[in-house]
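Me: I am new to this one and would like to find my way around. Could you show it to me and take some questions?

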Amino acid sequence: KLVFGRKLKEAKTSYLNTIPKESKVLIVGGGTGELLEILPSDALLKVDYLELSEKMIAKAKVRNSNAFETNFIESDVLSHVGTYDVVIANFLLDCFSQELLGQVLVQLKNLMKLDAQLLVTDFALTTALKGRILNKMMHAFFKLTVNLSSSHLKDIRQILLTSGFVEQDYIAHNHCYCF
């Protein structure tokens with residue numbers, strides 16, 4: 001928040017208004033659960049909140065979820081089973097090594113119905129010196145503090161495109177993707 005201010009929240013909420021009513025939604029790696037409070041409250045969503053960290057789930061549980069129903073699941077995405085209309089992966093995909101990311105993307109496809117949406121927000125590569133330095137520092141910090149398997153920031157949008165996901169929309173200034 002100190003570095004990006006409200007931009008992270010703006011980015012995470014960019015496509016929430018596109019979620020069809022009464023959808024079954026998977027939020028993967030939702031952290032503290034801030035997203036639960038800003039889901040469309042009139043959409044009657046059924047949400048599975050998948051998070052590896054017991055501490056993050058505890059924080060998410062005290063939030064006021066706007067979903068009709070919220071199930072908290074402490075698990076790894078690779079072992080999760082279900083079928084969803086919408087999968088949300090905010091600031092998650094860049095955490096994986098290249099090999100593991102491939103496995104995660106295959107798993108996300110398996111969790112999605114044929115016409116499902118994948119909503120992704122992630123950090124992006126930049127050519128600007130200040131941005132490159134900030135990205136490297138941030139990535140190094142998270143690698144040390146949460147044991148990231150990734151050694152560098154990747155072009156998540158391009159990886160999704162080459163993995164067979166079909167882009168429906170892209171908001172460049174927020175690095176948000178709707179597939």
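Me: Let's begin with charged pairs. How many salt bridges does a search of the whole structure find?
Reply: Happy to help, and please keep in mind that this is a predicted model. A search through the whole structure gives a total of four.

Me: Which residue forms a salt bridge with Lys21?
Reply: Lys21 sits in the loop between helix 1 (7-13) and strand 1, and its partner is in the loop between helix 2 (34-38) and strand 2 (46-51), 21 residues apart. The closest N and O atoms of the pair are 3.5 Å apart, and the partner is Asp42.

Me: Is Lys21 buried or exposed?
Reply: The cut-off for exposed is over 50% relative accessible area. Lys21 has 54% relative accessibility, so it counts as exposed.

Me: Which side chain meets that of Arg63 in a salt bridge?
Reply: Arg63 lies in the loop between helix 3 (54-61) and strand 3 (69-74), while its partner belongs to helix 2, 26 residues apart. Arg63 is partly exposed at 27% relative accessible area. The N to O distance is 3.1 Å, and the partner is Glu37.

Me: And which residue forms a salt bridge with Glu167?
Reply: Glu167 is in the loop between helix 6 and strand 6 (169-171), and the partner is in helix 6, ten residues apart. Glu167 is partly exposed, with a relative accessible area of 25%. With the closest N and O atoms 2.8 Å apart, the partner is Arg157.

Me: Now the overall layout. What pattern does the protein chain follow along the sequence?
Reply: The secondary structure of the chain comes to six helices and seven strands. Read along the sequence, these give the pattern α-β-α-β-α-β-β-α-β-α-α-β-β.

Me: Which strands are the edge strands of the sheet?
Reply: The sheet is open, with seven strands in mixed pairing and in the order 3-2-1-4-5-7-6. An edge strand pairs on one side only, and that applies to strand 3 and strand 6.

Me: By how many degrees are neighbouring strands of this sheet turned against each other on average?
Reply: This value ignores the direction of the strands. On average, neighbours in the sheet are turned against each other by 15 degrees.

Me: How many bridges join strand 1 to strand 2?
Reply: One pair of residues shows where to look: Lys24 stands opposite Lys46 in strand 2. The two strands run parallel, and the number of bridges joining them is five.

Me: On the strand 4 side, which residue stands opposite Ile27?
Reply: Strand 1 and strand 4 also run parallel, joined by three bridges. Opposite Ile27, in strand 4, stands Ile88.

Me: Why is strand 1 largely enclosed by the rest of the structure?
Reply: Burial here means under 20% relative accessible area. Strand 1 has five residues, and it is largely enclosed because the number of them that are buried is four.

Me: What is the bridge partner of Leu119 in strand 7?
Reply: Strand 5 and strand 7 (residues 176-178) run antiparallel, with three bridges between them. In strand 7, Leu119 has as its bridge partner Cys178.

Me: Which strands does helix 4 lie across?
Reply: Helix 4 runs at about 135 degrees to strand 5. Strand 5 is one of the strands that helix 4 lies across, and the full set is strand 1, strand 4 and strand 5.

Me: Let's look inside. Which element gives the most to the largest nonpolar core?
Reply: This core has 25 residues, and Val28, Val87, Leu93, Leu105, Leu108, Leu118 and Leu160 touch the most other members. Strand 1 (24-28), strand 4 (84-90), helix 4 (98-111), strand 5 (112-121) and helix 6 (156-162) each give two or more residues. With five residues, the element that gives the most is helix 4.

Me: How many residues are in the other core, apart from this one?
Reply: Among its members are Ile27, Leu35, Leu39 and Cys176. The number of residues in this other core is 19.

Me: Last one: what percentage of the residues of the protein chain count as buried?
Reply: The protein chain exposes about 9900 Å², of which carbon and sulfur atoms supply 56%. The chain has 179 residues, and the share that counts as buried is 41%.

Methods: Residues numbered from 1 in each chain as written. Predicted model: local features only at pLDDT ≥ 70, side-chain atom pairs only at ≥ 80, totals over all residues. Heavy atoms only, no water. Core = buried A, V, L, I, M, F, W, Y, C linked by side-chain atoms within 4.5 Å. Buried < 20%, exposed > 50% of the residue type's maximum accessible area, 1.4 Å probe, protein only. Pairing = 2+ DSSP bridges. Axes fitted to C-alpha atoms, helices over the stretch in contact; angles between N-to-C directions. Contact = heavy atoms within 4.5 Å. Areas by Shrake-Rupley, 256 points an atom, 1.4 Å probe, with all protein chains shown as cover.
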